[in-house]
Amino acid sequence: MDHLLSEEQIMLRDMVRKFATEEIEPVASENEQNHRYPENIIKEAGELGLMGVAYPDEYGGSGMDFVSYMLTIEELSRACASTGVIVSAHCSLTCDPIFRFGTEEQKQKYLPSMLSGEKIGAFSLSESNAGSDAGNTQTTAVKKGDKWILNGSKLWATNGRQAEVFVLIASTDPGKGTRGVSTFIVEANTPGYSVGKVESKLGIRSTSTTEIVLDNVELPESALLGEVNKGFKVSMVTLDGGRIGIAAQALGIARASIEDAIKYAKSREQFGKPIASFQAIQWMIADMWCQYNSAWMLTWNASRMKDAGLNYGQESAMAKLVASEAAMFCANKCIQIHGGNGYTTEYKAERYYRDAKITEIYEGTSEIQRLVIARNLLK
Ligand code: CAA
């Protein structure tokens, strides 16, 4: 797809590919099996400017476009899907709402240390009864004098353990649903803030996914991000961008599955020939490649629309839906081509399969993506 990319985008992609191949890929499986957060890799990613690819230099970003960011997440995720989502949750879900909705003071306060990777960010919209129904937030933020007092518990926050800066949603006008929630920036060292349950997961085990408990957390007025009771829109706009990040993560998993399947099919011999010479295997590889390319085009298109300042909510939903299904398809076929070996932890195919599944769930399930697409078509 190089013909669709600028020289600058190709240079960045090749740099990230080299970094991912040399530094991330060799340790990804072991880290993932041992639930180990790749601290050094994230530090190096920060030094390479990868924790702030699509943000302006003035806030410490790398000053590139969103297509470059998509390519970065794809390349990181090809080597390690956990690393891909650590960077994506940090950039798309946390830096992005601060950059888009923050006051100049908030941007100056948080972005430089976040875009350099010195501080990790996390975002939390979900709660036990507010998953797909994100407007059903029960966590409350009550104004007392010039302070906000937050109480409740947020769930499934990627980077929950490492994050020093949290963007989260709380109800400021209970009973008003999506029109009564607001967004806050919470620093992890605030009294009353704690990391609760750490989830044990099927895949992406190098990431932490946690509950965040807020027990009378007292915040200054300046912690409000955007306007009071307009937090649902902040979340939706944030997720529109985040879903492109997850689509890019899914592309990385799909490509890793295709590359490993081809390598294995060429080297594995049965009936006296490499299995790549059998049509059954060739068709699987052709189907994988078509699915990956379709998903890549949709993700690239959504990224281009974001760069052009157009509305891209529907396109990002399409990209995430198709890319996550492509990742599942490719990872499944990758195991099938590896046969018995694919079911063991000796090969990476099983990791790709476990990692792929979450892309159909977080930042909006495939059913929610279909709902977003259909609502746009039917309005
Ligand atoms: N951009 C701007 N505004 C938007 C919007 C968008 N993309 N989508 C909706 N809105 C606005 C609507 O226009 C409406 O505005 P008004 O109040 O002015 O009328 C308001 O938001 C409410 O919209 P809806 O009536 O459509 O709301 P809904 O309750 O029907 O929900 C939904 C819509 C699409 C289902 C939404 O709830 C949703 O996206 N759910 C999934 C949530 C999700 O993705 N969660 C994942 C959390 S992140 C995560 O996974 C953690 C991690 O760390 C990775």
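I will walk through the domain layout of this predicted model, then its salt bridges, and then two loops.

Let me begin with the domains. The assignment for the protein chain gives domain 1 as 2–115, domain 2 as 121–232 and domain 3 as 233–378, and I will stay for a moment with the first pair. The centres of domain 1 and domain 2, taken over C-alpha atoms, are separated by 23 Å. Between these domains about 1,800 Å² is buried, of which 62% lies on carbon and sulfur atoms, and the contact involves 22 residues of domain 1 and 20 residues of domain 2.

What polar pairing is there across this interface? Twelve residue pairs are found in polar contact between domain 1 and domain 2, counting pairs with both residues at pLDDT 80 or more. On the side of domain 1 that touches domain 2, the elements that give two or more residues are α1 (7–33), α4 (81–101) and α5 (104–115), and among these α4 gives the most, with eleven residues. By class, that side of domain 1 is made up of twelve nonpolar, seven polar and three charged residues. As for salt bridges, the count between domain 1 and domain 2 is one. Glu187 and Lys109 form a salt bridge in which the closest N and O atoms are 3.1 Å apart.

That brings me to the salt bridges of the structure as a whole, of which there are 24. Side chains of opposite charge can pair when their charged atoms come close. In the pair of Arg17 and Glu75, the closest N and O atoms are 3.0 Å apart. Arg17 sits in helix α1 and Glu75 in helix α3 (residues 66–79), so this salt bridge ties together parts that are 58 residues apart in sequence. Arg17 is partly exposed at a relative accessible area of 29%, whereas Glu75 is buried, with a value of 1%. Both residues also belong to a network of salt bridges that links Arg17, Glu25, Glu74, Glu75, Arg78, Arg255, Glu259 and Lys348.

A pair within one helix is formed by Asp96 and Arg100, whose closest N and O atoms are 3.9 Å apart. These residues are four apart in helix α4, and so about one helical turn separates them. Asp96 counts as buried at 5% relative accessibility, while Arg100, at 38%, counts as partly exposed. Lys230 and Glu227 form a further salt bridge, with 3.6 Å between the closest N and O atoms; here Lys230 is partly exposed at 43%, and Glu227 is exposed at 53%.

Finally, I turn to the loops. Asn229 is in the loop between β8 (224–225) and α6 (231–267), and although Asn229 is not a glycine, its phi is positive, at about 65°. Glu363, placed in the loop between α9 and α10, likewise has a positive phi, of about 55°, without being a glycine.

Is Glu363 buried or exposed? With a relative accessible area of 11%, Glu363 is buried. Glu360, in the loop between α9 (349–359) and α10 (366–378), is buried as well, with a relative accessible area of 14%. The side chain of Glu360 makes a polar contact of 2.7 Å with the side chain of Lys357. Leaving aside residues up to four places away in sequence, Glu360 touches Lys320, Ser324, Glu325, Met328, Thr365 and Ser366.

Note on methods: Residues numbered from 1 in each chain as written. Predicted model: local features only at pLDDT ≥ 70, side-chain atom pairs only at ≥ 80, totals over all residues. Heavy atoms only, no water. Domains from an automatic or database assignment. Contact = heavy atoms within 4.5 Å. Buried area = accessible area lost by both parts, 1.4 Å probe. Salt bridge = Lys/Arg side-chain N within 4 Å of Asp/Glu carboxyl O. Polar contact = N/O pair within 3.5 Å; in protein donor to acceptor, adjacent residues only side chain to side chain. Nonpolar A, V, L, I, M, F, W, Y, C, P; charged D, E, K, R; others polar. Buried < 20%, exposed > 50% of the residue type's maximum accessible area, 1.4 Å probe, protein only.
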